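Reader: Could you walk me through how to read a protein fold? I'd like the general idea each time, and then the case in front of us.

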Amino acid sequence: MIITIDGGTTNTRFTLIESGKIYDRLKLQVGVRDTAISGSSALSSAVRDGISELLKRNDLCERDISSIALSGMICSESGLYNSVHVITPTGIDELRQHSVRVMMPDITQIPMIFIPGVKTFDSPSISELSGLDIMRGEETEIIGILSSIHPPERHITALMPGSHMKIVSLENRQITSFRTSLSGELIRAAAENTILNRSLSGVYPHIADEEYLRRGYRYAKLHGINEALFKVRVQANFIDGVTSEQLYAFLMGAILHDDIRSTIETGGDIIIAGSNPFRSALAVLLGDEGQNVTVLPEKLAEECSAIGSELIVSELM
């Protein structure tokens, strides 16, 4: 039995898992964003508390856990240990080869295995900026997805929405290339930290209003994202009956426009992971564009990171 920790920008997720079976899950609202503000002690404390809570409520002790597999931003320079990035193309063998076992007795006596990230370049050059990209965390999700759906050996584009949107090209069960956008953070920032905050009233709908999602997407397609964002305020002030939830959907549709364009350019059959409202919004907009889309079952989308992490470290314990 192991614990997997997926540490992101805003949340850290803990999973108790054995042989692909998940026994318990825990999410703490702390991530590397908090490290940048409060220092690494905040993240260390959160990891220590998360491990302790997971063990306590399952009547386990540290000796019952063979290792802890960590992935995501918690493995970066802003996290607990800065692991390497493996260069594409890469799959489970390369990720396993470059995982690092570390002891951190101030947090736990359980061995901690840090899974590497992935990058698309060797020697970076400003003249080739469009080809430079990095990921941490999504690689474990992809390994979990590939192990669960058994796709044929063809070109697949996996969409991994979250704080950062990853558009990942897969060939022969390997990550061959990917693109990243800040769409998740941009939606949150625009909704909470601009003049639009008064119009959106702190809403965060689980499912986006499809009519207004499409309106925002079409407006950005015709006039650009920046102008589309201000139209949220115009509608709020002068269109009778429009709700904050509808305006949020308009905002989401506008900001997702470039991600939809990049996904179509990448080609292949599309698999959408992540959680709502992003996964359903992406499915609607890509479906409107005539794309072949498969939305992962919600349970698999939630568990694929832990499943992938266990598979990667299974031969290292």
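Author: Let's begin with surface: accessible areas come from the Shrake-Rupley method with a 1.4 Å probe, and for residues only the protein chains shown count as cover. Here the protein's accessible surface is about 14,500 Å², and carbon and sulfur atoms own 49% of that. Keep in mind that this is a predicted model, where local features need pLDDT of at least 70 and side-chain atom pairs count only at pLDDT 80 or more, while totals for chains, interfaces and linings use all residues. Residues are numbered from 1 along each chain as its sequence is written, and side-chain values use heavy atoms, with hydrogens and water left out.

Reader: What share of the residues is buried?

Author: Buried means under 20% relative accessible area, exposed means over 50%, and partly exposed lies in between (1.4 Å probe, protein chains only). By that cut-off, 51% of the 317 residues are buried.

Reader: How many helices and strands should I look for?

Author: Both are DSSP runs numbered from the N terminus: helices are H or I with at least four residues, strands are E with at least two. You'll find 12 helices and 14 strands.

Reader: And how do I read a sheet?

Author: Two strands pair if DSSP finds at least two bridges between them. This protein has an open six-stranded sheet in the order β3-β2-β1-β4-β7-β6, with mixed pairing. Its edge strands, β3 (21–28) and β6 (100–102), each pair on one side only. Further in, β1 (residues 2–7) and β2 (residues 12–18) run antiparallel to each other over six bridges. One pair to find is D6 with its bridge partner R13 in β2.

Reader: Which helix packs on that sheet?

Author: Contact means heavy atoms within 4.5 Å. Axes are lines fitted to C-alpha atoms, for helices over the stretch in contact, and angles run from 0 to 180 degrees between N-to-C directions. Helix α12 (residues 298–313) packs on the sheet, touching β1, β2, β3, β4 (67–72) and β7 (112–114), and its direction makes about 120° with that of β1. Look at S309 in α12: at 1% relative accessibility, S309 counts as buried. Leaving aside residues up to four places away in sequence, S309 touches T4, A69, S71, I115 and T140.

Reader: What about two helices packed together?

Author: You describe them by the angle between their axes and the distance between the axes. Try α5 (residues 183–193) and α9 (residues 244–255), whose axes come within 10 Å and cross at roughly 140°. Among the residues that meet there are L186 and I187 in α5, and Y248 and L251 in α9.
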